[in-house]
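The exercises below are worked from the sequence and the coordinates together. Please try each task on the structure before reading its solution.

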Amino acid sequence: IASEGWVYIEIRKGMYGLPQAGKIANDLLRERLDRHGYYPSKITPALWHHRTRPTKFTLIVDDFGAKVIGKQNANHLIATLRKYYEVSVDKQGELYAGMTLKWDYDNKEVEVGMPTYISKTR
């Protein structure tokens, strides 16, 4: 407790429900990823790029969806994220932001679904 009666704290983890939590987490993410060459798009919200690698990814809350050319570049992104966060990897890209994705690369199509969404609303 400071002499004027204020209590000062340092936040080391997220505080759910705190109105500023999203901004605090995003600022920390920017700082951490910038060290490894990743930066957010100035035009498209939630889209990130790498300064020299052919890597782009989107971020929605805690889901990353990445377009990466080459295993070395994919490993760089995964290693960077694992340095700071607990990460699981879905190399098939079958689930993103609560949606199922069925990729048809031959026809350049993707089927997007939310199979459990309707049952949750009943």
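The expected span of a helix is 1.5 Å times one less than its number of residues, and helices (H or I, at least four residues) and strands (E, at least two) are DSSP runs numbered from the N terminus. The model is predicted, with local features requiring pLDDT of at least 70 and side-chain atom pairs counting only at pLDDT 80 or more, while totals for chains, interfaces and linings use all residues. Residues are numbered from 1 along each chain as its sequence is written, and side-chain values use heavy atoms, with hydrogens and water left out.

**Exercise 1. Outline the fold**

Task: state how many helices and strands the protein has, and give their pattern along the sequence.

Solution. Begin with the count, which is 3 helices and 7 strands. Next, walk along the sequence, where these elements follow the pattern α-β-β-β-β-α-β-β-β-α. Finally, consider burial, where buried means under 20% relative accessible area, exposed over 50%, and partly exposed in between (1.4 Å probe, protein chains only): of the 122 residues, 19% count as buried.

**Exercise 2. Trace the sheet of four strands**

Task: find the order of the 4 strands in their open sheet, and explain which strands stand at its edges.

Solution. Two strands pair if DSSP finds at least two bridges between them. By this criterion 4 strands form an open sheet in the order β1-β2-β3-β4, with antiparallel pairing. β1 (38-40) and β4 (63-68) each have a single partner strand, so one side of each is left without a neighbour in the sheet. From one strand to the next, the twist averages 25°.

The individual pairings can then be followed. β1 pairs with β2 (residues 47-50) in the antiparallel sense over 3 bridges, and within this pair Tyr39 stands opposite His49, while Pro40 stands opposite Trp48. On the β3 side, β2 and β3 also pair in the antiparallel sense over 3 bridges, and the bridge partner of His49 in β3 is Lys56. A hairpin of 4 residues joins β2 to β3.

The side chains of β2 complete this step: Leu47 and His49 point one way, Trp48 and His50 point the other way, and all are buried.

**Exercise 3. Check the helices that meet this sheet**

Task: compare the span of α2 with its expected value, and explain how its buried residues are arranged around its axis.

Solution. Start with the length of α2 (residues 71-84). Its 14 residues should span 20 Å at 1.5 Å a residue, and the end C-alpha atoms are 21 Å apart, which agrees. The buried residues of α2 are Asn73, Leu77, Ile78, Thr80, Leu81 and Tyr84. Seen down the axis, they fall within an arc of 160° (taken from the directions from the helix axis to the C-beta atoms), so they line one face of the helix. An α-helix has 3.6 residues a turn, so residues three or four places apart point the same way. The face of α2 turned away from its buried side carries the exposed residues Lys71, Gln72 and Lys83.

Now add the neighbours, taking contact to mean heavy atoms within 4.5 Å. The buried residues of α2 pack against α1, β1, β3 and β4. The helix lies across β1, β2, β3 and β4 and runs at about 155° to β4, where axes are lines fitted to C-alpha atoms, for helices over the stretch in contact, and angles run from 0 to 180 degrees between N-to-C directions.

Repeat the procedure for α1, which has 14 residues and reaches 20 Å from its first C-alpha to its last, close to the 20 Å expected. Its buried residues are Leu29, Arg32 and Leu33. They cover an arc of only 90° around the axis, which puts them on the same side of α1, and they pack against β1, β2, β3, β4 and α2.

**Exercise 4. Examine two backbone angles**

Task: locate Ala46 and Val61, and state whether each is buried, partly exposed or exposed.

Solution. Most residues other than glycine have a negative phi, and most peptide bonds are trans. Ala46, although not a glycine, has a positive phi of about 75°; the residue is found in the loop between β1 and β2, and at 35% relative accessibility it counts as partly exposed. Val61 likewise has a positive phi, near 55°, and lies in the loop between β3 and β4, where its relative accessible area of 79% makes it exposed.
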